[in-house]
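Biologist: I've got the two chains up on my screen and a few things I'd like to ask. Can you walk me through the model?

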Amino acid sequence: MLKMQHLSKVYRTHMVETHALRDFSIHVRDGEFVAVTGPSGSGKTTFLNIAGLLEEFSSGEFWLDGVDVRGLGDDARSKLRNEKIGFIFQGFNLIPDLNLFDNVDVPLRYRGFNAAERKKRIEESLSRVGLSSRMKHYPSELSGGQQQRVAIARALAGSPRLLMADEPTGNLDSLMARGVMELLEEINRAGTTIIMVTHDPELAARAQRNVHVMDGQVTDFDTEPALRVTTRKPDAEAAVA
Amino acid sequence: MEIRPILSALMRSKVAMVLIGLQIALTLAIVCNSLFIIKQRFEHMQRPSGINEADTFWFGSSGFGRGYDARATQLADLQLLRRLPGVVDASPAWSVPLSDGGWSTGMNLQPKQKTSTADTALYIVDDHAVNTFDTHLVAGRNFKPEEVVNATFGDSLHPAAIIVTKALADKMFPDGSALGKQVYLAEDPPTSTIVGIIDRMQQPWATSESIEYTTLVPAHMPYGNFTRYVVRAEPGRRDEVMKLVEQKLVESNPSRIIGKMRTIEQTRNEAYSSDRAMMIILGTVIFLLLAITALGIVGMASFWVAQRTKQIGTRRALGATKFDILRYFLTENFLITSAGLLVGGLLTYALSLWLLTHTDGAKLLPWYYVPVGFLCLWLLGQLAVLGPATRASRVPPAVATRSV
């Protein structure tokens, strides 16, 4: 699903050069649920941004669902992002002036679906997260947990192959967080690949595989052979395979 | 096109939308009506006076001293003027078109008529006036020398023969039979016979509603020791002739003062100075209004872009291209502008009707001003929002994952 090899990301100003990711390699297979952990400033968000095609990388190789991402223009990246990836943000990132229906509709409009298809998908995805009765409500009328469910519905409505979750429970209390995690697990069981960035070791433990990032590099990973992740040995997974 | 969600979002920020919409509505109303007034003023200024303006000038001569004979001086001056090199012709004239001063009277068809059939300006001239002013006879004849009477200021004028403009002839005799007809220049007889009709010669008053109703009266009639002359020079020699005329007249009779010489072009400029000032003021108002409206749109759009940076980043993250973002802001502006213009269209006609009932000579705004105004303000709105919208389209999608 996602494969990065020797990838690096350098932020440059005329005074300072910051290596956010260095020689970063990872392979996430179809249907996996991977948790990416690490302290603040370790490079988790940079990884998420690059993996989600939100940011470009400085060097290395990156394939997303078989597509070589290097050299893709901005429009092509937007299209690929829209078709392949669903995003769940820590702060939900719902548009406050739009009701739930229109919020979920946002990525579908960019996808170019017709009105009937969009309506069907919106209703299905809101129903999946248990909010079909509140389509005309605005985000401010919902609890944090409900808002995150809407964000999940929005991410799922386009039937993405990969779900990128950035601290999806970071702004929720434990009860709501548990509900969101259960929902993500259910989505994963239905076949969607999930990469979740989190600080919370308890949440990370519920993923199939953990990747620990430190100073822009993968320093630790689960050793389950079938779900092997490598950092400096790009050929290791091939060997394992 | 995501018109419905944009409208829905706008309805939740009504204050900003109403304010900017109202500004656009007022701008449309004021700009359309101001442009119409400017057009009317311009057309007013462009009306032909009916005389040769490029080569003609006029001036006064005031005699002083014991023994000054105004009538003899006038006749001698006219002979001298007509002989000068570069002069086509000269005539005495109490006034000239657009000079803002002169005589007028009511012209009647019957004696003791209570209401005049037409109000006409009277130009007291001689048989050289038609040629001097370079106006054209469309019917009848010029004055004969013997028809030019010697008159004294204060006498009642009852000229036997008069020449009138075609507009006046048509007003007096709408069936087109004015030539040879008799009219009254006063309440009582005798009558004057229309011996000639000239195509056009405006009155001295630029604002007169009957500006085209003019009568030429043949008389040598100095005003005390004062006489006014009109001179037409050969094409291109006006300024040279003006100097020569002044010099020769002073030499011929030093017992008088030659007043300031004015060209008809200067006279026209002075006559329409208030129209020109009005056009400049309204033009400035239009420019400032459009600039303020454009700046208002830029300010509002810039504020919204800054306020919605995270939202724009989220849209980008969810698959919006740069063009999608640009289009979003252009569409949003188009909708706000359209709402403002719909209100503005009604306001424009309301203002036009108000001007119609409260201003002399005002006309109802022609219908096409509003659609043209719509197009211009739509274009202005789109141009104004282009900068902020382009900035919005450059918001990177990674903004969506930033926590601050």
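Biologist: What percentage of the residues of chain B count as buried?

Modeller: This is a predicted model, in which local features need pLDDT of at least 70, side-chain atom pairs count only at pLDDT 80 or more, and totals for chains, interfaces and linings use all residues. Residues are numbered from 1 along each chain as its sequence is written, while chains are lettered from A and ligands numbered from 1 in the order in which they are written. A residue is buried if 20 or more other C-beta atoms lie within 10 Å of its own, exposed if 12 or fewer, and partly exposed in between, with C-beta atoms placed from the backbone. Of the 404 residues of chain B, the buried share is 38%.

Biologist: What radius of gyration does chain B have?

Modeller: Its C-alpha atoms fill a box of roughly 105 × 50 × 35 Å along the principal axes. The radius is taken over C-alpha atoms, and the globule rule is 2.2 Å times the number of residues to the power 0.38. A compact globule of 404 residues would come out near 22 Å, but chain B has 32 Å.

Biologist: How far apart are the centres of domain 1 and domain 2 of chain B?

Modeller: Domain 1 of chain B covers 3–46 + 274–401, and domain 2 covers 65–254. Those bounds come from an automatic or database domain assignment. Taken over C-alpha atoms, the centres are separated by 55 Å.

Biologist: Which helix gives the largest share of the side of chain A that touches chain B?

Modeller: Contact here is C-beta atoms, placed from the backbone, within 7 Å, and 26 residues of chain A meet 22 residues of chain B that way. H1, H2 (74–84) and H3 (100–111) of chain A each supply at least two residues to that side; helices (H or I, at least four residues) and strands (E, at least two) are DSSP runs, numbered from the N terminus. The largest share, 7 residues, comes from H3(A).

Biologist: Why does helix H9 of chain B count as largely enclosed, and what covers its buried residues?

Modeller: H9(B) spans residues 309–317, and 7 of its 9 residues are buried, so it is largely enclosed by the rest of the structure. Among the buried ones are Gln311(B), Ile312(B) and Arg315(B). The cover includes H10 (322–358) and H11 of chain B, together with strand S6 (85–88) and H3 of chain A.

Biologist: And H1 of chain A: which residue just after it takes a positive phi?

Modeller: H1(A) runs over residues 44–51, and 8 of its 8 residues are buried. Its cover includes strands S1 (2–12), S2 (17–28) and S3 (33–37) of chain A. Just after the helix, a positive phi of about 60 degrees belongs to Leu53(A).

Biologist: Which helix gives the most to the largest nonpolar core?

Modeller: A nonpolar core is a set of buried Ala, Val, Leu, Ile, Met, Phe, Trp, Tyr and Cys residues joined through C-beta atoms within 7 Å. The largest has 102 residues, and Ile195(A) is one of those touching the most other members. The top contributor, with 8 residues, is H2 (residues 14–46) of chain B.

Biologist: Is Arg394(B) buried, partly exposed or exposed?

Modeller: Arg394(B) sits in the segment after H11 (369–393) of chain B. Its C-alpha atom is 6.7 Å from that of Lys322(B), 72 residues apart along the chain. Because Arg394(B) has 13 C-beta neighbours inside 10 Å, it counts as partly exposed.

Definitions and conventions. Contact = placed C-beta atoms within 7 Å.
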